[in-house]
Amino acid sequence: MKNFFAFPTKNSWNEDIFQLKPAGILTVVVLICLLIAIALFLQPKQIRSKKFTTHQLVFSSVAMALAIVTSMIKLFEMPLGGSVTPFSMLFIVLIGYWYGPKAGLMTGFAYGLLQFVLSPIFYSIPQLIVDYPLAFGALGISGFFSNKKYGLQIGYIAGVLGRLVFAWLSGILFFASYAEGTGMSVPIYSLAYNGSYLGVEGAITLVILCIPPVAEALKQVRLQATQAG
């Protein structure tokens with residue numbers, strides 16, 4: 001089955017990896033569409049309507065598109081993967097903030113798979129799951145704080161920490177050999193490595209979010225995103 005969806009190859013470090021075949025890419029795209037559809041229908045019955053669902057699809061699609069575009073702009077790129085981008089995580093956090101944790105998590109999972117499709121290379125199925133749908137899906141945790149004071153800022157911190165947890169676990173479970181020769185234990189190395197780029201982007205974004213005109217503008221965007229007409 002794996003040979004049908006992916007083929008074995010080597011990366012630039014001569015490591016054994018797998019790359020998706022067209023059938024594998026198609027399968028992932030179908031799964032992305034399914035997750036987005038689920039996200040659209042996870043709203044409470046009292047606010048669910050065809051009009052609202054279309055409205056949510058438009059705003060979620062724009063946010064995901066902005067997340068993809070900004071993720072391709074790398075302000076700083078780490079040598080073994082990971083980068084600082086201009087607020088790419090924020091756009092997925094916003095979906096959870098607008099529509100709640102269920103929609104946020106499902107959309108985050110879909111976004112993680114979309115990131116994988118853009119670079120369809122993986123070491124193993126467990127590594128793929130941890131590094132993509134789980135890590136990026138964690139950004140949807142922001143939805144649990146959508147009704148709290150400073151909910152966007154708190155939700156953003158929670159989402160980034162959630163992604164950091166999965167990136168940290170991935171470093172321990174799948175990339176422990178990278179810590180050799182650093183003088184650090186595997187957990188400390190993984191935390192330092194992944195925390196460096198996620199922490200920098202997170203800190204920059206939080207500073208921007210705390211600027212009063214930006215905060216007010218995002219409040220107005222939320223009002224538009226959550227009102228169907």
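**Figure 1. Burial across the whole chain.** Of the 229 residues in this predicted model, 45% count as buried. The accessible surface of the protein amounts to about 11,800 Å², and carbon and sulfur atoms account for 72% of that surface.

**Figure 2. Helices, strands and overall dimensions.** The protein has nine helices and five strands. From one end of the sequence to the other, these elements follow the pattern α-β-β-α-α-β-β-α-α-β-α-α-α-α. The radius of gyration is 18 Å, and the globule rule gives 17 Å for 229 residues. These two values are close, so the protein is as compact as a globular protein of that length. The C-alpha trace spans about 55 × 40 × 25 Å along its principal axes. Contacts between residues at least 6 apart in sequence can also be sorted by separation: 66% of them join residues at least 24 apart.

**Figure 3. The largest nonpolar core.** This core contains 51 residues. Which of its members touch the most other members? They are L94, W98 and L152. Helix 4, which covers residues 88–99, gives the most to this core, with ten residues. In soluble globular proteins, nonpolar side chains tend to be buried together.

**Figure 4. Surroundings of L152.** L152 is one of the three core residues that touch the most other members. Neighbours within four places in sequence are left out of this view. What remains in contact with L152 is a set of six residues: L90, V93, L94, Y97, L209 and L218. Among them is L94, which is itself named with L152 and W98 for touching the most other core members.

**Figure 5. N194 in helix 8.** Helix 8 runs over residues 186–209 and includes N194. Is N194 buried or exposed? Its relative accessible area is 9%, which is under the 20% cut-off, so N194 is buried. Apart from neighbours within four places in sequence, N194 is in contact with L164, A167 and W168.

**Figure 6. Two cysteines, C33 and C210.** A disulfide is a covalent bond between the sulfur atoms of two cysteines. How many disulfides does the structure hold? The count is zero. C33 has a relative accessibility of 48%, which lies between the cut-offs of 20% and 50%, so this residue counts as partly exposed. C210 has a relative accessibility of 53%, which is over 50%, so C210 counts as exposed.

Technical notes:
Residues are numbered from 1 along each chain as its sequence is written. This is a predicted model: local features need pLDDT of at least 70, side-chain atom pairs count only at pLDDT 80 or more; totals for chains, interfaces and linings use all residues. Side-chain values use heavy atoms; hydrogens and water are left out. Helices (H or I, at least four residues) and strands (E, at least two) are DSSP runs, numbered from the N terminus. Buried means under 20% relative accessible area, exposed over 50%, partly exposed in between (1.4 Å probe, protein chains only). Contact means heavy atoms within 4.5 Å. A disulfide is a pair of cysteine sulfur atoms within 2.5 Å. A nonpolar core is a set of buried Ala, Val, Leu, Ile, Met, Phe, Trp, Tyr and Cys residues joined through side-chain atoms within 4.5 Å. The radius of gyration is taken over C-alpha atoms; the globule rule is 2.2 Å times the number of residues to the power 0.38. Accessible areas come from the Shrake-Rupley method with a 1.4 Å probe; for residues, only the protein chains shown count as cover.
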